[in-house]
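Welcome! Here is a short, friendly briefing to read alongside the structure. Please take a look at it below, and then follow the notes by topic.

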Amino acid sequence: MACGISCVDKTLNKSFYHLGIKIAKHPGYFIIIPVLLTLLCMTGYQQLKYQIDPEYLFSPIAGEGKTERAVVEQYFKVNYTHRFNVGRITRPGRFGRVIVITKDGDENMIRRAVFQELRTLDNLIQNASSTYDGDTYSYKDNCARWENECFENDILNLDALMDDLEAGQLNLTFPFMFNPVTWDAHLFPVFFGGTKLTEDNYVISVPAIQLVYFVTADNKRQDAKGAEWEETFLRVVGQAEESGLFKHISVSYFASRTLDHELEKNTKTVVPYFSSTFLLMGLFSIITCMMGDAVRSKPFLGLMGNVSAIMATLAAFGLAMYCGIEFIGINLAAPFLMIGIGIDDTFVMLAAWRRTKAKMPVAERMGHMMSEAAVSITITSVTDFISFLIGIISPFRSVRIFCTYSVFAVCFTFMWHITFFAACMAISGYRERKNLHSIFGCRVQPMSVAIKEKRNFLYKAIMAGGIDSADPDNPIDNKDHMLMAFFKDKMSAVINNKWCKIIIILAFASYLAGACYGITQIKEGLERRKLSREDSYSVEFFDREDDYYREFPYRMQVIIAGPLNYSDPLVQQQVENLTSTLEHTSYVTSKRYTESWLRSFLSFLERNNELLNATIDDEQSFIDAVKEHWLFPGNPFSLDVRFNDDETQIIASRFLIQAVNITDTNHEKEMVRDLRKICRDSPLNASIFHPYFVFFDQFELVRPVSLQAMIIGAIIMMIISFTFIPNILCSLWVAFSVISIELGVAGYMALWDVNLDSISMINLIMCIGFSVDFTAHICYTYMSSKKRSPKARVREALHSLGLPIVQGSSSTILGIVALLLAQSYIFLVFFKMVFLVVFFGAMHGLFLLPVLLSLFGPGSCLTWTGRDDGSEDEIDDSLDERKPEKPFSQSYYMQYPTMGINGPYGSKGFLGAPYKAYGVDEKDQGLGTSGEDSSESSSSRSQRRQQLANAAAEEEAATQDPRRRYEEGWRRSSYQNIYGPNASIIAGHVQAQFQAQPDLYGQQVSAAEWRQRLDAHEQQQQQQQRSRQRRSPYENYDLDMQRARRNSHGDTIDIMQGTPNSSVDERLRRPYTSQDRAVLSGGSGDEGSYRQQPGRDSPPTAALPPLGHASSAKRYHRRRSSEDSTRHHQRWPANIEERRARRTQSPAQRQPETAPPPSFAYRSSSHHNLYQPHKSGPKATKQPPTYQYGDYYH
């Protein structure tokens, strides 16, 4: 079944086994050292570098927008102090904005009462005082200026025209007009929002007006003063709005620091839920790890699992801070995730502990526990580690920082669990070994003893527990877990029902259809409002901006870099073509909103050429004319042309265009992509820029980066799964599940109002690792099952993993439920997406994968043909997996195959994993299992003990009666092999179900097939057999014994009628002569390898039946070694050295280590337990027959 290599699996098992033993011997060191390391790493919190800049965190590191901004700032750096123009800024700077609407029922803002309150608001803002570094200042002291004049909202000067406007004697002409009183040029789209117009572009009503205030930010001190002024602005406007100062207007406000504040608030809102989450997870862990058994219950270990995860996260964060990695608020989601991961590992390790034998020493139990849990907790940690490692290469710093901290946390959680938590388990193991109460610490009685001693109900309900050392397998003390039995009996029955399978498949198809539809509805990009809390003042501002200011949202700059001869008509035509192409797109409004210095200058010259008499035929004359007549200091176009140092050449220029009707983030992405393409296709070195394009770059990158991470993650997860679980089919199912879960998460997150942005990309990358946990373990358990029936495989997988899947998914969801209460989009996205991946992963593991594996996995032909009866029969593949040490070089060379590889790790089964040997009463239940006891049921053990006790009693009675001893040996070796080990002997005949038996190598063969195998070698051994020393057999033993019994076909056979079941019976009735041996040398297979020495005192030989009659009447049965006979007499050397020594000795030199009892010569029950009464005197020279197995004599 295995494909590939299993060295990783074996190495982990061995390494963790030795680690478990060391931890059990010295648990104190493994507790103290992690605690000290945690305290040491926590000192790194002094190096905390808190980062809240939205652009730094959520824009691509090397985005195209940043490249474009670098080009703009190279030629046109903003001067806030003297030459500030709001349409030509390259960074947001320091500013304050208000959007004002009416609240008195009249939507029109063009009213005197409204403008009076607007003036009040403006004065309040401009006169507010701020203090920085002992310097007190107001807005007018620190405002951005144009030609030494503060930037002002000239729209307020319309109050001079308000009487005429209200009387209808004057109309406002959209989009701009000159104020006849103040001579201001009012650009209405900048200030008016949601304007309603007539067909002649006259303003009917204005629902919203915005006011903007910019302060200087040319250096760090100015930027710091501007930040302090923003704090004052937000405080003053907020107090005015909340106090009800305004009767006619409602004010929403925003500043450049608002997003910083919101990110900081997001961090603070989740901190109070840490304690409640830890308490909730601790309570859940305690309850989940408890049992009805007061000794085997592990409530404190559940709590220590939480403590271990918390310590690991604290240490990991401290070390990351020591490394100089910035800390961001999103990192606070990591502890919740790490607690979930840690609790999952806790369940796995506790389940592995419960699968060990309670009779073993604590050190050995710890070794086995660590060995069995090695693959499970390692594959979980490695997949999470790799998924976060993929996120480190993301182009977004927020993703990089979060994934870096998470990588540290995953590694520390893994190390702390295999050291600190494992040491806690060792201490708990010593407590359990002493049968101490799990809570009170006092010694208690097992339940079986408490019942025998008739203890009161309260004692049995609270105090009783553990196992009785005198009867460790008592079923009263070893009850199966109620929920595990539910999954095995009830849930598996539902899933194995064909109609339920159809329903599950249809549900899965509906799930995929919904996911595919959701993918088509994905919106890309992180909207600014989603960085704020739902109760933030900024949310109202963003909503009003979307409602009223989406018609003319962005003033974009087109930069033409590089020296050009603008006097050349070809260059002028190229610039005009580029401008016209941009204006004719659906994203840009008409040319009346375009500000082009070249177009306006050429038009100016054309209108005034006769008056100016200017010549622009050559480059120098063009430069002289444009500097003299057009680029004078008061003209904003002077900011759009950059000359070289000696001002003899134009090395860069720009023009401005106006975006129109951009509705949402997808529209913004399409606009940026199409406009950039137009600039790239132009023969000019042109680029387009807006300060928000730095954020819009995520729209272009988030989809391909997320898709790339998901594909790479799925491939890596398949490789990791194949490395730890080397089965190609299992790896393919894991990859299928990962893709299916990721598809579902991506689709349903869109339907759950989650955009594809840097926050959701973190979760998509993280979900790659989370989606492997349940699916890999359920696939492994199903594929490694030895059951022939798919229904039986499903029962085994659900019995092993049903409860752990529910426990793991519940703990993870409980660990992140606090994020739902934080009222922050960032943490809400974490909750939604982790919930989706955990829920979908659990559904895949509990329902979908068992159905698909039963339909398309091993033994699926039984399902399709309707022959799957759900039997517990196992597939005997021991011949393929365990080759004999040497082939059949001689007749009857029967090498006894080991049922498991014995060693310090117990018996090894599938891929070297610590599975128990065949026939041993404990059974591995797969990866990630959790349960009370996965060993063989207590009732089965009790029945077997009763059988062994009865057999022992019969043997003791048989020692007094040689005939009965012979009969009992025959019955055990023959009838038990025919009818099975559980056949019961009642009234001298067998009552058992006839069942096929596998041979020594795990193949099911008949007697005839076994006979053919042996006869094929017999002729090759004749010469060697004749040269061997021969010894006499047992003879003349109870020749008058007549016993009726049945052969394998049910026929009644009388021993004395010449139709024995085996040649051994024939040898018992008569001595053999040379002629007899010659005749029988080609007959019975048993006789072919039989050696005897002729006896001198042989009694008369009984008449032999005809050879043909004997050959046709004989029934050959396969013999196997009996536990009853080998228990007291070991027929094989204990080690290879003894075997080799025996090869060099003759039969006469070999002396048994322990002489048999004087009355009998013991024989292996695989050769019918033949016994001979002890005789004294001259006739005591008869020797027991010698059997040859290969090169050994016995």
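**Cysteines and a surface patch**

Cysteine 861 is a good place to begin: its relative accessibility is 46%, so it counts as partly exposed. Please keep in mind that this model is predicted. The points below turn to other cysteines and then to a nonpolar patch on the surface.

**The disulfide**

- Searching the whole structure turns up one disulfide.
- The partners in this disulfide are cysteine 143 and cysteine 150, whose sulfur atoms lie 1.6 Å apart.
- The link between cysteine 143 and cysteine 150 is left-handed, with -70° about the S-S bond.

**How covered are these cysteines?**

- Cysteine 143 counts as buried because its relative accessibility is 1%, and buried means under 20%.
- Cysteine 150 has a relative accessible area of 18%, so this residue is buried too.
- Cysteine 403 has 0% relative accessibility and therefore counts as buried.

**The nonpolar patch**

- On the surface, a nonpolar patch is formed by Met290, Phe300, Leu303, Ile439, Phe440, Leu458 and Ile462, which together have about 660 Å² of accessible area.
- Two or more residues of the nonpolar patch come from each of the elements α12 (299-322) and α17 (457-462).
- Isoleucine 439, one of the patch residues, sits in the loop between α15 (397-433) and α16 (447-452).
- With a relative accessible area of 42%, isoleucine 439 is partly exposed, because that value falls between the cut-offs of 20% for buried and 50% for exposed.

Conventions:
Residues are numbered from 1 along each chain as its sequence is written. This is a predicted model: local features need pLDDT of at least 70, side-chain atom pairs count only at pLDDT 80 or more; totals for chains, interfaces and linings use all residues. Side-chain values use heavy atoms; hydrogens and water are left out. Patches are made of residues with over 30% relative accessible area and no salt bridge: like charges are joined within 9 Å, nonpolar side chains (Val, Leu, Ile, Met, Phe, Trp, Tyr) within 5 Å. Accessible areas come from the Shrake-Rupley method with a 1.4 Å probe; for residues, only the protein chains shown count as cover. A salt bridge is a side-chain nitrogen of Lys or Arg within 4 Å of a carboxyl oxygen of Asp or Glu. Helices (H or I, at least four residues) and strands (E, at least two) are DSSP runs, numbered from the N terminus. Buried means under 20% relative accessible area, exposed over 50%, partly exposed in between (1.4 Å probe, protein chains only). A disulfide is a pair of cysteine sulfur atoms within 2.5 Å.
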